[in-house]
Amino acid sequence: MKASLECLYRLRSLLEDLSRVELEVCLKEAALLEETSEVLRDEQREAFSELAETKEIVLAQLAHRRELSVQEALRMAQQSVEQAKSSYLEHRKERQQIESVLGMQRSLDDLVRNRREQRWIDDWFGQKRRRPKG
């Protein structure tokens, strides 16, 4: 049972690590989308402030459309971040639960081993007293 618990613990640790990496990727993707959105907003403001030519109006409209699409991608990325975070926290909780069971199992094993050693010592001293000296 101990070996299977250790295998399960290792598996849960790997799942936790994988979830953490997925969360980091989602966070980086969301940050990149936020940066892109900010750049597009700046382009849009700049183009609208210089409405002198129709070319500038078209550029402003294009920037606005790109910003809307980036905003939608950002919303989706933020949902992915939340899902990844939830998954990571769940895997971490599972690993911690198994870790605590393993800790209790190790404590029990130590207790059994200590009792066995003490019984062996007691038996040894008991046999030594029964032996005739001579």
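**Helix packing and surface chat**

Visitor: Buried, exposed or partly exposed: which is A73?
Guide: A73 is partly exposed, at 29% relative accessible area. That value comes from a predicted model.

Visitor: Where does A73 sit?
Guide: A73 belongs to helix 2.

Visitor: And how far apart are the C-alpha atoms of A73 and S37?
Guide: The separation is 9.9 Å. Along the chain, A73 and S37 are 36 residues apart.

Visitor: Moving to the inside. Which residues make up the largest nonpolar core?
Guide: There are 11: L23, C26, A30, L33, L40, V70, L74, A77, V81, A84 and Y88. Helix 1 (2–49) and helix 2 (54–130) each contribute at least two residues to this core. The largest share, 6 residues, is from helix 2.

Visitor: Pick L74. What is L74 in contact with, leaving aside neighbours within four places in sequence?
Guide: With those neighbours set aside, L74 is in contact with A30, L33 and E34. A30 and L33 are listed in the largest nonpolar core, as is L74 itself.

Visitor: Cysteines next. Is C26 buried or exposed?
Guide: Buried. Its relative accessible area is 17%, and the cut-off for buried is under 20%.

Visitor: What about C7, buried or exposed?
Guide: C7 counts as exposed because its relative accessible area is 54%, and exposed means over 50%.

Visitor: How many disulfides does the structure hold?
Guide: The count is 0.

Visitor: Now H91. Which helix is H91 in?
Guide: H91 lies in helix 2.

Visitor: Buried or exposed?
Guide: H91 counts as buried because its relative accessibility is 17%, and the limit is under 20%.

Visitor: What is H91 in contact with, again leaving aside neighbours within four places in sequence?
Guide: Four residues are on that list for H91: R12, L15, E16 and S19.

Visitor: Over to the surface. Which residues make the nonpolar surface patch of about 440 Å²?
Guide: W120, I121, W124 and F125 make that patch.

Visitor: Take W120 from that patch. Where is W120, and is W120 buried or exposed?
Guide: W120 is in helix 2. The residue is exposed, with 58% relative accessible area.

Visitor: So what should I remember about helix 2?
Guide: Helix 2 supplies the largest share of the largest nonpolar core. Helix 2 also holds H91, which is buried. W120, in helix 2 as well, is exposed. A73, another helix 2 residue, is partly exposed.

Technical notes: Residues numbered from 1 in each chain as written. Predicted model: local features only at pLDDT ≥ 70, side-chain atom pairs only at ≥ 80, totals over all residues. Heavy atoms only, no water. Disulfide = S-S within 2.5 Å. Buried < 20%, exposed > 50% of the residue type's maximum accessible area, 1.4 Å probe, protein only. Core = buried A, V, L, I, M, F, W, Y, C linked by side-chain atoms within 4.5 Å. Helix = DSSP H or I, 4+ residues; strand = E, 2+ residues; numbered from the N terminus. Contact = heavy atoms within 4.5 Å. Patch = residues over 30% accessible without salt bridge, like charges linked within 9 Å, V, L, I, M, F, W, Y side chains within 5 Å. Areas by Shrake-Rupley, 256 points an atom, 1.4 Å probe, with all protein chains shown as cover. Salt bridge = Lys/Arg side-chain N within 4 Å of Asp/Glu carboxyl O.
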